Amino acid sequence: MSAVGLSKSQIDRLGLRLVGKTEPAAGDLDLLHRLLLTRSEQLDRAEARVREELGIVPTSRVKNTETILEKLRRGDGSGLKSIQDLAGMRIVGDFDRRGQDELAERIVDLFGDGDRPPRVVDRRVDPMHGYRAVHVIVFPEGDPLEIQVRTGWQHEWAEFFEKLADRVGRGIRYGEPPDAGWDPDPAAPSAVLEWVVARDALRAGVVRWALSTADFIAAVEVAGTIEPDAPSLRDRHEKIDGHLARLRKVLGQMADSEDRVHGFLRRERQ
């Protein structure tokens, strides 16, 4: 039985109901909010332990309703009870992969007295479409809480990819191509139609560039644990910083370009 008073099967049935209709019922949304409130209270207590016993100040968050519904829709509504990151913490540190592993072990030890033993999910070994980190799933009060441990570069990349997904389609986080996006009327000026073709090609290219940058970051971080004083590492570090800076710049340019085109078409219709 979860802390909100629902069994695992009841939570799963709630997930099915939430996405079974175009608009979730008010009572089901209220039940979901109660579940999230309970997880939030558990998260506050777990975060206090991390601060007091590890001397680390993490960031924390509870998933919002829309993000949960998006995730449930991808699984046809099943699996609400299995969403491990309804509530979680994130620790971003100036450490290498060894330091990342050591911190994950400290978290495992800290929450080893929970209702279930902590579980480590190493997304460096099994990345999710570019995303890498070490996740420790802990169960201090029976329900799962996720603690993400990221290096600085892993965090920078993940933050960029989230913003890119907001711009070109959330599906890229699951290996899907960018959304087709907005398509103008076929009668629109030829320059606009050509721009749409270029926009779609750019979107796909930036996603590929971001994924290759994630692979490059991982390779450099591995190399840094094997030969931390190698002269070539400094150049590679600068290349990573350069790639991330250019990716952020291109994303801003994409947004500006789309805003200008939309503004032009609005003026044309007036």
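# Close-up views of a predicted model

**View 1. His135 and Gln148 face each other across two strands.** In β5, the bridge partner of His135 is Gln148. The model shown here is predicted. Strand β4 covers residues 134-139, and strand β5 covers residues 145-151. The two run antiparallel and are joined by five bridges. Val134 also has a partner in β5: it stands opposite Val149. Together β4 and β5 make a hairpin, with five residues between them. Look for Gly142 in the turn, where phi is positive, at about 100 degrees.

**View 2. Strand β5 also pairs with β2.** Here the pairing is parallel, over six bridges. Strand β2 spans residues 87-93. One pair to find is Met89 with its bridge partner Ile147 in β5. Strands of a sheet pair through backbone hydrogen bonds, either parallel or antiparallel.

**View 3. Both faces of β5 are covered.** Is β5 mostly covered or mostly open? It is mostly covered, with seven of its seven residues buried. Leu145, Ile147, Val149 and Thr151 point one way. Glu146, Gln148 and Arg150 point the other way. Residues on both sides are buried.

**View 4. Five strands build one open sheet.** The order across the sheet is β1-β2-β5-β4-β3, and the pairing is mixed. Why does one side of β1 and one side of β3 lack a neighbour in the sheet? These strands, β1 (59-62) and β3 (116-122), stand at the edges with a single partner each, so one side of each is left without a neighbour. From one strand to the next, the twist averages 20 degrees.

**View 5. Helix α3 has a cap and a buried side.** Asn64 caps the N-terminal end of this helix. A side-chain oxygen of Asn64 lies 3.3 Å from the backbone nitrogen of Glu66. Helix α3 runs over residues 65-74, and its buried residues are Ile68, Leu69, Glu70 and Leu72. What do these buried residues pack against? Their partners are α1 (8-18) and α2 (26-54).

**View 6. Ile172 is a buried loop residue.** Find Ile172 in the loop between α5 (152-168) and α6 (190-226). Is Ile172 buried or exposed? Its relative accessibility is 3%, so Ile172 counts as buried. Beyond its neighbours within four places in sequence, Ile172 is in contact with residues including His129, Phe161, Pro177 and Val207. Leu164 and Ala165 are also among its contacts. Asp96 is 76 residues apart from Ile172 along the chain, and their C-alpha atoms are separated by 27 Å.

**View 7. The largest nonpolar core has 26 residues.** Those with the most contacts inside it are Trp157, Phe160, Leu164, Ile172 and Val206. Helices α5, α6 and α7 (231-269) each supply at least two residues of this core. Which helix gives the most? That is α5, with eight residues. Leaving aside neighbours within four places in sequence, Leu164 is in contact with Gly169, Ile172, Val206, Val207, Ala210 and Leu251. Another core, of 19 residues, lies apart from this one. Among its members are Ile91, Leu110, Val134 and Val149.

**View 8. The whole chain has seven helices and five strands.** That is the tally for the protein chain. Along the sequence the pattern reads α-α-β-α-β-α-β-β-β-α-α-α. The C-alpha trace spans about 65 × 60 × 25 Å along its principal axes. Of the 270 residues, 45% count as buried.

Methods: Residues numbered from 1 in each chain as written. Predicted model: local features only at pLDDT ≥ 70, side-chain atom pairs only at ≥ 80, totals over all residues. Heavy atoms only, no water. Buried < 20%, exposed > 50% of the residue type's maximum accessible area, 1.4 Å probe, protein only. Helix = DSSP H or I, 4+ residues; strand = E, 2+ residues; numbered from the N terminus. Contact = heavy atoms within 4.5 Å. Polar contact = N/O pair within 3.5 Å; in protein donor to acceptor, adjacent residues only side chain to side chain. Pairing = 2+ DSSP bridges. Axes fitted to C-alpha atoms, helices over the stretch in contact; angles between N-to-C directions. Core = buried A, V, L, I, M, F, W, Y, C linked by side-chain atoms within 4.5 Å.
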